[in-house]
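Visitor: Hi, I have a new structure open and I'd like to go through it step by step. Could you start with any term I'll need along the way?

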Amino acid sequence: MGFRGAMALQKAIKAADLPPGKMTMAKLGTQEVMIGNVGGRFYAIDEICTHEGGPLHEGTLEGTTVTCPWHEGQYSIETGEANPETDWVRDTKSFPTQVRDGWVWVDV
Ligand code: FES
């Protein structure tokens, strides 16, 4: 890991608090991120849906697909890409994560 990359990392949640298949929200500065655990790997994308602002962590996570709770727009939790079949949502921001000392860190 390079020193430069470490500068933007922010401590977000305890890894043990988020079991596989679950999502949660963390506010890091002004950025709200949705963090999800997919089979022990942690991913982070923008919490706020690109459609009408739905809270993504309150939606569902199946495999790597996040479904918005408001109108069922879908994103890849790995890349933030919108599912072309739910074209009312657009690609969203995704953020690199690391697990260190039992915490999930997010590069926002
Ligand atoms: S607010 Fe997310 S699909 Fe409408």
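Guide: Let us begin with pairing, since we will speak of bridge partners: two strands pair if DSSP finds at least two bridges between them. With that in hand, the bridge partner of Gln-10 is Val-106, which belongs to E10. Please keep in mind throughout that this is a predicted model.

Visitor: Okay, so what is the chain made of, and in which order do the elements run?

Guide: The chain has one helix and ten strands, and, reading from the N terminus, the order is α-β-β-β-β-β-β-β-β-β-β.

Visitor: What radius of gyration does the chain have, and what would a compact globule have?

Guide: A compact globule of 108 residues would have a radius of gyration near 13 Å, and the chain has 13 Å, so the two agree. Along the principal axes, the C-alpha atoms fill a box of roughly 40 × 25 × 20 Å. Buried residues account for 24% of the 108 residues.

Visitor: Back to strands, then. Which strands does E10 sit with?

Guide: E10 belongs to an open sheet of three strands, in the order E1-E10-E9, with antiparallel pairing. E1 and strand E9 (97–100) are at the edges with a single partner strand each, so one side of each has no neighbour in the sheet. From one strand to the next, the twist averages 30°.

Visitor: How many bridges hold E10 to each partner?

Guide: E1 is joined to strand E10, residues 103–107, by five bridges, while four bridges join E9 to E10. Besides the bridge I mentioned at the start, Lys-14 has Trp-103 in E10 as its bridge partner, and Gln-98 is matched with Trp-105 in E10.

Visitor: What happens between E9 and E10?

Guide: E9 and E10 form a hairpin with two residues between the strands, and there Asp-101 takes a positive phi near 55°. That is a positive value in a residue other than glycine.

Visitor: Is Asp-101 buried or exposed?

Guide: Asp-101 counts as exposed, because it has 8 C-beta neighbours inside 10 Å and the cut-off for exposed is 12 or fewer.

Visitor: Which other residue that isn't a glycine has a positive phi?

Guide: Glu-72 is one, with a phi of about 65°, and it is found in the loop between strand E6 (65–67) and strand E7 (74–76). Glu-72 has 15 other C-beta atoms within 10 Å, so it is partly exposed.

Visitor: New topic: which residues have the most contacts inside the largest nonpolar core?

Guide: That core has 20 residues, and those with the most contacts inside it are Val-33, Met-34, Ile-35, Ala-44, Ile-45, Ile-77 and Val-106. Strand E3 (31–38), strand E4 (41–46) and E10 each supply at least two residues of this core. As general background, nonpolar side chains in soluble globular proteins tend to be buried together.

Visitor: Let's pick Ile-35. What does Ile-35 touch?

Guide: Leaving out residues up to four places away in sequence, Ile-35 touches a list of residues that includes Ala-12, Leu-18, Met-23, Phe-42, Ala-44 and Val-106.

Visitor: And how do E3 and E4 fit together?

Guide: E3 and E4 pair in the antiparallel sense over six bridges, and Val-33 has Asp-46 in E4 as its bridge partner. The two strands form a hairpin with two residues between them, and Gly-39 in the turn has a positive phi of about 60°.

Visitor: What about E2 and E3?

Guide: E2 and E3 also pair in the antiparallel sense, over six bridges, and Leu-28 stands opposite Gln-31 in E3. Here too there is a hairpin with two residues between the strands, where Gly-29 in the turn has a positive phi of about 65°.

Visitor: One last spot: where is Ala-15, and what is it in contact with?

Guide: Ala-15 lies in the loop between strand E1 (9–14) and strand E2 (23–28). Leaving aside neighbours within four places in sequence, Ala-15 is in contact with Phe-42, Val-99, Gly-102, Trp-103 and Val-104. With 19 other C-beta atoms within 10 Å, Ala-15 is partly exposed, since a residue is buried if it has 20 or more.

Visitor: How far is Ala-15 from Gly-40?

Guide: Ala-15 and Gly-40 are 25 residues apart in sequence, and their C-alpha atoms are 9.1 Å apart in space.

Notes:
Residues are numbered from 1 along each chain as its sequence is written. This is a predicted model: local features need pLDDT of at least 70, side-chain atom pairs count only at pLDDT 80 or more; totals for chains, interfaces and linings use all residues. The radius of gyration is taken over C-alpha atoms; the globule rule is 2.2 Å times the number of residues to the power 0.38. Two residues are in contact if their C-beta atoms, placed from the backbone, lie within 7 Å. Axes are lines fitted to C-alpha atoms, for helices over the stretch in contact, and angles run from 0 to 180 degrees between N-to-C directions. A nonpolar core is a set of buried Ala, Val, Leu, Ile, Met, Phe, Trp, Tyr and Cys residues joined through C-beta atoms within 7 Å.
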